[in-house]
Amino acid sequence: MLRNLLGGRRHKPIVLNESGTMTGALACSQPIVVRGQLSGRIDAPKLIVERGGHVVGDAVVKHLVVAGTMIGRVSCEHARFETGAKFYGVLRYDHMQIAEGASVTGNLVNRTRTGPRSLRLISPA
């Protein structure tokens with residue numbers, strides 16, 4: 001599953017495991033995978049909050065994938081919320097996918113000024 005979420009490329013992600021807790025700012029050039037608890041500011045190409053993962057804070061990422069819980073402000077190009085995901089906060093996005101059973105609550109702002117807004121609801125296959 002992780003390889004699929006990383007786009008099939010050979011990236012070495014930074015992984016915060018189930019028992020891990022981190023507080024502070026994290027800026028890096030690798031994807032970040034959260035299975036534990038992360039509080040703070042995140043600046044990375046991709047943030048993946050896996051089922052059971054919990055993030056509280058602000059994030060600037062190119063790709064956001066949430067299957068766990070995220071509370072905060074996010075600016076991203078692509079956001080995807082998996083079944084069971086919970087998001088509370090402000091999301092500034094270019095493209096967004098919300099799976100059936102995901103909960104996205106807050107202020108959603110499409111960053112594109114021209115062209116149609118891109119929002120796609122997806123159902124489990």
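# Parallel strands around E7

Strands E7 and E9 are joined by four bridges and run in the parallel sense. Strands here are DSSP runs of type E with at least two residues, helices are runs of H or I with at least four residues, and both are numbered from the N terminus. Two strands count as paired if DSSP finds at least two bridges between them. One contact point of this pairing is Val65, whose bridge partner in E9 is Arg80.

The model is a predicted one, in which local features need pLDDT of at least 70 and side-chain atom pairs count only at pLDDT 80 or more, while totals for chains, interfaces and linings use all residues. Residues are numbered from 1 along each chain as its sequence is written, and side-chain values use heavy atoms, with hydrogens and water left out.

The overall plan may now be described. The protein contains one helix and 13 strands, and along the sequence the order is α-β-β-β-β-β-β-β-β-β-β-β-β-β. Strand E7 has further parallel partners. Strand E5 (residues 37–39) pairs with E7 over three bridges in the parallel sense, and Leu38 has Val55 as its bridge partner in E7. Strands E6 and E7 also run parallel, joined by seven bridges; here Ala44 is matched with Val61 of E7. Seven bridges likewise link E7 to E8 in the parallel sense, and Val60 stands opposite Ser75 in E8.

The interior comes next. A residue is called buried if its relative accessible area is under 20%, exposed if over 50%, and partly exposed in between (1.4 Å probe, protein chains only). Of the 125 residues of the protein, 38% are buried. In soluble globular proteins, nonpolar side chains tend to be buried together. A nonpolar core is a set of buried Ala, Val, Leu, Ile, Met, Phe, Trp, Tyr and Cys residues joined through side-chain atoms within 4.5 Å. The largest such core has 27 residues, and those with the most contacts inside it are Leu47, Leu64, Met70, Val74, Phe81 and Leu91. Among the elements that give two or more residues to this core are strands E6 (42–49), E7 (54–66) and E8 (69–75). E7 supplies the largest share, five residues.

Leu64 illustrates these surroundings. With contact defined as heavy atoms within 4.5 Å, and neighbours within four places in sequence left aside, Leu64 touches residues including Leu47, Met70, Val74, Cys76, Phe81 and Leu91. Cys76 is buried, because its relative accessible area is 0%. Cys28 also counts as buried, at 19%. A disulfide is a pair of cysteine sulfur atoms within 2.5 Å, and by this rule the count is zero.

Phe81 also belongs to an aromatic pair. Rings of Phe, Tyr and Trp (its six-membered ring) pair if their centres lie within 6.5 Å; planes under 30 degrees apart count as stacked, over 60 as edge-to-face and the rest as tilted. The whole structure holds one aromatic pair. The centres of the Phe81 and Phe87 rings lie 5.6 Å apart and the planes meet at 55 degrees, so the pair is tilted. Phe81 is buried, at 0% relative accessibility, and Phe87 is buried with a relative accessible area of 0%.

Finally, Thr69 lies in strand E8. Thr69 is counted as buried because its relative accessibility is 18%. Beyond residues up to four places away in sequence, Thr69 is in contact with Val49, Gly53, His54, Val55, Lys86 and Tyr88.
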